[in-house]
Amino acid sequence: MTRSIARIVTIVGQPILEGRNLSYTYENGYTVFTKVDVETCENELVAIVGPSGIGKSTLLRILGGFIKPATGEVRLLGKKVEQPTPEIALIHQSIVTFPWMTALENVMLGLRSKRKTRQEMESAARKMLEVVGLQGFEELYPKEMSGGMRQRVAIARALAAEPIVLLMDEPFSHLDELTAEGLRQEIYSMLFSTESTLRSAVLVSHNLNEVLELADKVYVLNGSPATVVGTLKIELERPRNSKDPRFVEYLDLLYKYLTPVRGVKQ
Ligand code: ADP
């Protein structure tokens with residue numbers, strides 16, 4: 001579906017992905033979070049932030065249907081998510097590309113519509129590589145690419161599957177700071193380009209600057225068990241400048257939400 005059609009079929013304000021009253025308890029009885037409500041809207045990049053070990057990755061996996069919550073439910077465009085679906089793509093912390101395949105072949109692997117001819121699949125994959133800034137690098141193998149390029153291939157492959165929502169678990173944490181910053185500056189326009197079917201994205205991160213640079217809305221998890229202790233709508237134009245006094249104000253607010261809560265190892 002092209003972006004213009006996606007917009008037409010959207011009921012104004014209808015959530016894209018919703019998690020309601022989510023909680024999760026591990027087999028050893030440890031309840032990691034409880035009563036968590038999150039939602040993403042059209043064209044929104046939503047961040048979930050919190051200290052390490054607070055349950056961000058677990059929550060992301062629940063949102064993708066990879067694990068079942070102890071309470072609550074997840075809905076995609078109103079329909080209950082009970083198992084992984086191609087409409088929700090996940091990018092892991094570690095960059096996953098297949099070393100024996102070129103960039104183009106790696107992206108072709110993600111293509112969902114099996115009705116396409118090989119030529120159509122190749123052309124769709126080339127288009128996605130162009131979206132992530134890898135035009136001209138289609139024939140390179142992962143070992144010939146930098147970490148940033150490999151992460152771009154992983155993003156192109158995820159987008160090639162024509163998902164509605166993309167879940168990203170610390171996607172910049174394995175990159176050096178300069179590479180990560182370059183990718184951060186481009187990621188919003190990659191995800192919501194006219195070639196992409198994506199209607200919202202969720203980013204898990206422990207990096208407050210990163211979250212403020214990228215997100216439209218931030219959920220802050222803290223406590224034990226964790227709950228959403230703050231929800232911030234980030235009303236700053238893009239590209240964002242970390243020296244903007246309003247950026248600094250948001251940062252201070254996030255720090256306040258994240259000051260250590262008694263009983264939580266941080
Ligand atoms: P985050 O992404 O915020 O770093 P995680 O979702 O990875 O947090 O983990 C949340 C908490 O659950 C951590 O404290 C972790 O030690 C704990 N945990 C993770 N896996 C298990 C498990 N299989 N059994 C018990 N506790 C676990």
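Mentor: Let's start at the ligand: a polar side-chain atom of Lys 56 lies 2.9 Å from one of the ligand's oxygen atoms. Keep in mind that this is a predicted model.

Trainee: Which other side chains make polar contacts with the ligand?

Mentor: Thr 58 has a polar side-chain atom 2.5 Å from a ligand oxygen, and an N or O atom in the side chain of Tyr 26 is 3.4 Å from a ligand nitrogen. The protein covers 62% of the 570 Å² of accessible area that the ligand has on its own.

Trainee: How many residues surround the ligand, and which are the closest?

Mentor: There are 13, with Gly 53, Gly 55, Lys 56, Ser 57 and Thr 58 the closest. Helix 2 (residues 56-63) gives the most to this shell, three residues. By class, the shell has five nonpolar, six polar and two charged residues.

Trainee: Now the interior. How should I read the largest nonpolar core?

Mentor: Nonpolar side chains tend to be buried together in soluble globular proteins. Here the largest core has 38 residues, and among those touching the most other members are Val 107, Leu 129 and Phe 172. Helix 5 gives the most to this core, with seven residues. A second, separate core has 28 residues, including Ile 62 and Val 202.

Trainee: Is Glu 44, in strand 3, buried or exposed?

Mentor: Glu 44 counts as buried because its relative accessible area is 7%, and the cut-off is under 20%. Its side chain reaches the backbone nitrogen of Cys 41 at 2.8 Å. Beyond its neighbours within four places in sequence, Glu 44 has contacts that include Arg 199, Lys 217 and Lys 233.

Methods. Residues numbered from 1 in each chain as written. Predicted model: local features only at pLDDT ≥ 70, side-chain atom pairs only at ≥ 80, totals over all residues. Heavy atoms only, no water. Core = buried A, V, L, I, M, F, W, Y, C linked by side-chain atoms within 4.5 Å. Buried < 20%, exposed > 50% of the residue type's maximum accessible area, 1.4 Å probe, protein only. Helix = DSSP H or I, 4+ residues; strand = E, 2+ residues; numbered from the N terminus. Polar contact = N/O pair within 3.5 Å; in protein donor to acceptor, adjacent residues only side chain to side chain. Contact = heavy atoms within 4.5 Å. Near = heavy atom within 4 Å. Areas by Shrake-Rupley, 256 points an atom, 1.4 Å probe, with all protein chains shown as cover. Nonpolar A, V, L, I, M, F, W, Y, C, P; charged D, E, K, R; others polar.
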